[in-house]
Amino acid sequence: MQRKTVRVRGVLPAIAMLTALAAGLTACTDGGGSGATVDAKAGANAGTGAQPGKYRILPMPCKAADAKKVKAMLPAAEALAPEAREALYAGVADASYDADRRVGCRWTAQTPTETRLLSVGFERVVSYDRTATSDDDKARQVYGRQLTAANLPAPVPSASPTPSGSGAPTPGAPTPSTSVSGSPGASGSPAPELGSRVLDGLGSEAFLDDKLAAAGATAAQARTVRIVFRTSNVIVTVEYSIQPALPGTIPPSGETQDRARQLAQALGERFNE
């Protein structure tokens with residue numbers, strides 16, 4: 001009897017262990033364990049939460065800007081020393097407390113006849129409530145506010161294309177380049193001014209803001225062209241300003257806009273690499 005009792009005592013713990021193990025497996029299958037709760041949460045966020053933006057980091061704008069285009073936009077004085085010329089085209093990075101969120105670079109070129117300023121800025125927009133708003137949606141809102149501040153309406157898709165030869169300008173169409181402001185064209189009339197407008201073919205959405213302002217105490221007028229475009233969750237800003245020193249001089253809108261737009265286009269391609 002004593003030997004039989006020992007066997008029963010050995011079987012009972014084994015049965016208890018198997019029962020506990022089966023109960024644990026059942027709880028995991030039914031989602032009752034703590035590990036299953038974490039997995040369920042992750043699945044819910046992946047299914048219903050807004051997606052993060054395409055870009056997680058930002059390039060360095062001083063190096064991201066196309067060097068040849070920067071040199072064409074900023075002609076240096078002939079007497080400028082090689083070291084100073086190199087420093088001019090290297091640019092000066094803006095102070096940034098978070099290089100993954102906002103960075104910028106600035107260039108300044110001075111000659112006896114004018115001063116030219118160029119700046120490039122990148123802003124990576126992040127939504128802190130991805131359950132309701134994605135990074136792209138948040139960036140779209142930021143871009144929309146800048147579009148409104150420039151007094152430009154949001155683009156509305158046209159029902160039909162503009163007939164050829166109607167004379168109506170196509171928004172975002174390449175602008176003609178002019179060499180001297182106010183110079184007579186083939187018909188003897190001054191070159192037309194090209195105003196602010198929404199642009200096509202640049203990032204996800206883009207606009208150009210063109211403004212004239214008095215250049216200091218002289219009678220000259222400074223022209224500043226600002227191009228803003230969004231690519232996914234990044235807002236890119238290019239600002240190009242020409243400030244003449246000679247009275248009565250007005251920088252041409254066509255050439256100024258073309259050069260700013262070419263640089264912006266190159267930056268857009270840089271983000272798509």
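The following paragraphs lead through the fold, the sheet, the aromatic pairs and the disulfide of this predicted model.

The protein contains seven helices and seven strands. Read from the N terminus, the succession of elements is α-α-α-α-α-β-β-β-α-β-β-β-β-α. Of its 273 residues, 33% count as buried. Among contacts between residues at least 6 apart in sequence, 63% join residues at least 24 apart. The sheet, the aromatic pairs and the disulfide can be taken in turn.

The seven strands form an open sheet in the order E1-E2-E3-E7-E6-E5-E4, and the pairing is antiparallel. Its edges are strand E1 (92–93) and strand E4 (197–199), each of which pairs on one side only. From the E4 edge, the path inward begins with E5, to which E4 is joined in the antiparallel sense over three bridges. There, Arg-197 stands opposite Leu-208 in E5. E5 is in turn joined to E6 by 10 bridges, again with the two strands running antiparallel. Within this pairing, Asp-209 has Arg-226 of E6 as its bridge partner.

E6 continues the path to E7, with nine bridges between these two antiparallel strands. One point of register is given by Arg-230, which stands opposite Ile-235 in E7. E6 and E7 form a hairpin with two residues between them, and Ser-232 in the turn has a positive phi of about 55°. How enclosed is E6 by the rest of the structure? Nine of the 11 residues of E6 are buried, so this strand is largely enclosed.

Two helices that pack on the sheet may be considered next. Helix H5 (residues 82–90) touches E1 and E2, and its direction makes about 140° with that of E2. Helix H7 also packs on the sheet, where it touches strand E3 (114–124), E4, E5, strand E6 (221–231) and strand E7 (234–244). The direction of H7 makes about 25° with that of E6. H7 has 19 residues and spans 27 Å from its first C-alpha to its last, close to the 27 Å expected at 1.5 Å a residue. H7 is mostly covered, with 14 of its 19 residues buried.

Helix H7 also leads to the aromatic side chains. The structure holds three aromatic pairs. In one of them, the rings of Tyr-55 and Phe-271 have their centres 5.3 Å apart and their planes at 85°; the angle is over 60 degrees, so the pair is edge-to-face. This pair links distant parts of the chain: Tyr-55 belongs to the loop between helix H2 (34–48) and helix H3 (61–64), whereas Phe-271 belongs to helix H7 (residues 253–271), and 216 residues separate the two. Both Tyr-55 and Phe-271 are buried. Together with Phe-122, Tyr-55 and Phe-271 form one aromatic cluster.

Another pair consists of Tyr-143 and Phe-207. Their ring centres lie 5.7 Å apart and their planes meet at 55°, so the pair is tilted. Tyr-143 lies in helix H6 (residues 135–149) and Phe-207 in strand E5 (residues 205–214), so the pair ties together parts that are 64 residues apart in sequence. Tyr-143 and Phe-207 are both buried.

The last feature is a covalent link. A search of the whole structure finds one disulfide. It is formed by Cys-62 and Cys-105, whose sulfur atoms are 2.0 Å apart. The angle about the S-S bond is 100°, and the link of Cys-62 and Cys-105 is right-handed. Which parts of the chain does this disulfide tie together? Cys-62 lies in helix H3 and Cys-105 in strand E2 (residues 102–110), so the pair ties together parts that are 43 residues apart in sequence. As for exposure, Cys-62 has a relative accessible area of 21% and is therefore partly exposed, since buried means under 20%. Cys-105, by contrast, has 0% relative accessibility and so counts as buried.

Terms used
Residues are numbered from 1 along each chain as its sequence is written. This is a predicted model: local features need pLDDT of at least 70, side-chain atom pairs count only at pLDDT 80 or more; totals for chains, interfaces and linings use all residues. Side-chain values use heavy atoms; hydrogens and water are left out. Rings of Phe, Tyr and Trp (its six-membered ring) pair if their centres lie within 6.5 Å; planes under 30 degrees apart count as stacked, over 60 as edge-to-face and the rest as tilted. Helices (H or I, at least four residues) and strands (E, at least two) are DSSP runs, numbered from the N terminus. Buried means under 20% relative accessible area, exposed over 50%, partly exposed in between (1.4 Å probe, protein chains only). A disulfide is a pair of cysteine sulfur atoms within 2.5 Å. Two strands pair if DSSP finds at least two bridges between them. Contact means heavy atoms within 4.5 Å. Axes are lines fitted to C-alpha atoms, for helices over the stretch in contact, and angles run from 0 to 180 degrees between N-to-C directions. The expected span of a helix is 1.5 Å times one less than its number of residues.
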